[in-house]
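Biologist: I would like a close look at the charged side chains of this protein and at what surrounds them on the surface. Could you take me through that part carefully, in one connected account?

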Amino acid sequence: MELKLNIGLNQIIGLIRELPYNDKLMIKHQLDNDLIPKFKNSSLTLNQLLLAGPVMTEEGYNNYRELRKQFNKWTKKLSV
């Protein structure tokens, strides 16, 4: 048998406020453990982190170069 509850966040907070102090500490400890940033445990160096990031494709680089040429032409027209 399964029971599903539709409880809002405000109701959960209200229930937690009614708990004894030690139970609140236990909940806080569990939440702190769940909310530890994943990068904190990682021993990646900055170089490794940058190399693991997204890379521009050849097509994207060609589009960037074309847009840069067009932008340079446009700015030269404005400055004349």
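Modeller: Lys77 is a good place to begin, and this residue is found in helix α4, in what is a predicted model. Helix α4 covers residues 58–79, and Lys77 counts as exposed because its relative accessible area is 67%, where the cut-off for exposed is over 50%. Lys77 also belongs to a positive surface patch, which is formed by Arg65, Arg68, Lys69, Lys73 and Lys77. The residues of such a patch have no salt bridge, so the pairs described further on involve other side chains, namely Glu2 with Lys4 and Lys28 with Asp32. As for distance, Lys77 and Glu18 are separated by 59 residues in sequence, and their C-alpha atoms are 69 Å apart in space.

Turning to paired charges, the structure holds 2 salt bridges. One of them joins the side chains of Lys28 and Asp32, with a distance of 2.8 Å from N to O. Lys28 is part of helix α2, which runs over residues 21–34. Because Lys28 and Asp32 are 4 residues apart in helix α2, about one helical turn separates them. The side chains of Lys28 and Asp32 also make a polar contact, again given as 2.8 Å, and this value fits within the 3.5 Å cut-off for such contacts. Neither partner reaches the level that counts as exposed: Lys28 is partly exposed because its relative accessibility is 49%, and Asp32 is likewise partly exposed, since its relative accessibility is 38%. If you follow the chain onward from Lys28 to Asn47, you cover 19 residues in sequence, and the C-alpha atoms of Lys28 and Asn47 lie 35 Å apart in space.

The other salt bridge is made by the side chains of Glu2 and Lys4, at 3.8 Å from N to O, a value that falls within the 4 Å limit for a salt bridge. Here both partners are exposed, Glu2 because its relative accessibility is 64% and Lys4 because its relative accessible area is 68%.

Leu3, the residue between Glu2 and Lys4 in the numbering, brings in a nonpolar part of the surface. Leu3 has its place in the segment before helix α1, which spans 9–17, and this leucine counts as exposed because its relative accessibility is 72%. Leu3 is one of the residues in a nonpolar surface patch, together with Leu5, Ile7, Leu9, Ile12, Ile13, Leu15, Ile16 and Leu19. Taken together, the residues of this patch have about 830 Å² of accessible area.

To draw the account together, Lys77 takes part in the positive patch, whereas Lys28 is paired with Asp32 and Lys4 with Glu2.

Methods
Residues are numbered from 1 along each chain as its sequence is written. This is a predicted model: local features need pLDDT of at least 70, side-chain atom pairs count only at pLDDT 80 or more; totals for chains, interfaces and linings use all residues. Side-chain values use heavy atoms; hydrogens and water are left out. Helices (H or I, at least four residues) and strands (E, at least two) are DSSP runs, numbered from the N terminus. A polar contact is a pair of N or O atoms within 3.5 Å; within protein, one must be able to donate a hydrogen and the other to accept it, and residues adjacent in sequence count only if both atoms are side-chain atoms. Patches are made of residues with over 30% relative accessible area and no salt bridge: like charges are joined within 9 Å, nonpolar side chains (Val, Leu, Ile, Met, Phe, Trp, Tyr) within 5 Å. Accessible areas come from the Shrake-Rupley method with a 1.4 Å probe; for residues, only the protein chains shown count as cover. Lys and Arg count as positive and Asp and Glu as negative; His and the chain ends are not counted. The place of a charge is taken as NZ of Lys, CZ of Arg, CG of Asp or CD of Glu. Buried means under 20% relative accessible area, exposed over 50%, partly exposed in between (1.4 Å probe, protein chains only).
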